[in-house]
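The following exercises concern the reading of a protein model, from its overall fold to individual side-chain pairs. Please attempt each task before turning to its solution.

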Amino acid sequence: MTKDEAAISTLYEQMSQGVVYHITYTDKVSKIQRQGLTRMNTSNWVVSGSEERYGNGEVYAFQVFEDAIKWGLKMDWEFNQKFGSGKVSVLTVADDGQWDIDNNDPLGQAMTKGHWYKRNTPIAASEILSTQIVTRDLI
């Protein structure tokens, strides 16, 4: 294992206790840090053909950092046609245990390392522990 791989592995271990991860646009991070994560924001993902949003406006998160980063890279490609554009960030959020399992995309979750979560309640700004821009180097 290289020095970088060991550092990333340690980061994953440290970050997997008592936290979850939320993916968002980097330009929204400052507002989220001030106001927290709220429900019913404009959805990034809609049902093909009908343009209806997936879910009911919940807040979504990932149990495992690597799964969040992979989703962030997917989002970056979908909306920016780049991996690591700097336009997508991961938020580390204190896990208060108020999450439900998200079953909206079972095929997408087939190769994940942890659960995907959703919740119907907002997350206070004080629960946002850190932010980081999503890059390919995090995988």
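The exercises below refer to this structure, which is a predicted model.

**Exercise 1. Overall architecture**

Determine how many helices and strands the protein has and in what order they occur.

*Solution.*
Step 1. The protein contains three helices and six strands.
Step 2. Along the sequence, these elements follow the pattern α-β-α-β-α-β-β-β-β.
Step 3. Of the 139 residues in the protein, 35% are buried. The accessible surface comes to about 8,400 Å², and carbon and sulfur atoms contribute 50% of that area.
Step 4. Among contacts with a separation of 6 or more, 72% join residues that are 24 or more positions apart.

**Exercise 2. Helix 3 and its end**

Compare the length of helix 3 with the expected span, and state which residue follows the helix.

*Solution.*
Step 1. Helix 3 has 16 residues. An expected span is 1.5 Å times one less than the number of residues, which for this helix gives 22 Å.
Step 2. From its first C-alpha to its last, helix 3 reaches 21 Å, which is close to the expected value.
Step 3. The buried residues of this helix include Phe65, Ala68, Ile69, Leu73 and Met75. Asp67, Asp76 and Asn80 also belong to the buried set.
Step 4. Gln81 follows helix 3 and is placed in the loop between helix 3 and strand 3. Gln81 has a positive phi of about 55°, although it is not a glycine. Most residues other than glycine have a negative phi.

**Exercise 3. Salt bridges**

Find the salt bridges in the whole structure, and decide for each partner whether it is buried or partly exposed.

*Solution.*
Step 1. The search finds two salt bridges. The criterion is a side-chain nitrogen of Lys or Arg within 4 Å of a carboxyl oxygen of Asp or Glu.
Step 2. Glu66 and Lys70 satisfy this criterion, with their closest N and O atoms 3.3 Å apart. Both residues lie in helix 3 (residues 65-80), and because they are four residues apart, about one helical turn separates them.
Step 3. Buried means under 20% relative accessible area. Glu66, at 12%, therefore counts as buried, whereas Lys70, at 40%, counts as partly exposed.
Step 4. The side chains of Asp96 and Arg119 form a salt bridge with an N to O distance of 3.1 Å. This pair links distant parts of the chain, 23 residues apart: Asp96 is in the loop between strand 3 (88-94) and strand 4 (100-101), and Arg119 is in strand 5 (residues 116-119).
Step 5. Asp96 is partly exposed at 38% relative accessibility, while Arg119 is buried at 3%.
Step 6. Arg119 has a further partner: its charged end sits over the ring of Trp99, 4.9 Å from the ring centre.

**Exercise 4. Aromatic pairs**

Classify the ring pairs Tyr21–Phe65 and Trp71–Trp116 by their geometry.

*Solution.*
Step 1. The whole structure holds five aromatic pairs. One of them joins Tyr21 and Phe65, with 5.3 Å centre to centre and 70° between the planes, an edge-to-face arrangement.
Step 2. Tyr21 lies in strand 1 (residues 19-25) and Phe65 in helix 3, so the pair ties together parts that are 44 residues apart in sequence. Tyr21 and Phe65 are both buried.
Step 3. The ring centres of Trp71 and Trp116 are 5.3 Å apart and their planes stand at 70°, so this pair is edge-to-face. Trp71 in helix 3 and Trp116 in strand 5 are 45 residues apart, and the pair links distant parts of the chain.
Step 4. Trp71 is buried, with a relative accessible area of 17%, and Trp116 is buried at 7%.
Step 5. Ring pairs link Phe62, Trp71 and Trp116 into a cluster.

**Exercise 5. Surroundings of Thr38**

Locate Thr38 and identify the residues that it touches, not counting those up to four places away in sequence.

*Solution.*
Step 1. Thr38 is in the loop between helix 2 (29-35) and strand 2 (59-62).
Step 2. With a relative accessible area of 39%, Thr38 is partly exposed.
Step 3. Under the stated exclusion of residues up to four places away, Thr38 touches Val59 and Pro122.
Step 4. The C-alpha atoms of Thr38 and Ala125 are 9.9 Å apart in space, while the two residues are 87 residues apart in sequence.

Methods: Residues are numbered from 1 along each chain as its sequence is written. This is a predicted model: local features need pLDDT of at least 70, side-chain atom pairs count only at pLDDT 80 or more; totals for chains, interfaces and linings use all residues. Side-chain values use heavy atoms; hydrogens and water are left out. Helices (H or I, at least four residues) and strands (E, at least two) are DSSP runs, numbered from the N terminus. Buried means under 20% relative accessible area, exposed over 50%, partly exposed in between (1.4 Å probe, protein chains only). Contact means heavy atoms within 4.5 Å. Accessible areas come from the Shrake-Rupley method with a 1.4 Å probe; for residues, only the protein chains shown count as cover. Rings of Phe, Tyr and Trp (its six-membered ring) pair if their centres lie within 6.5 Å; planes under 30 degrees apart count as stacked, over 60 as edge-to-face and the rest as tilted. A charge sits over a ring if NZ of Lys or CZ of Arg is within 6 Å of the ring centre and within 35 degrees of the ring normal.
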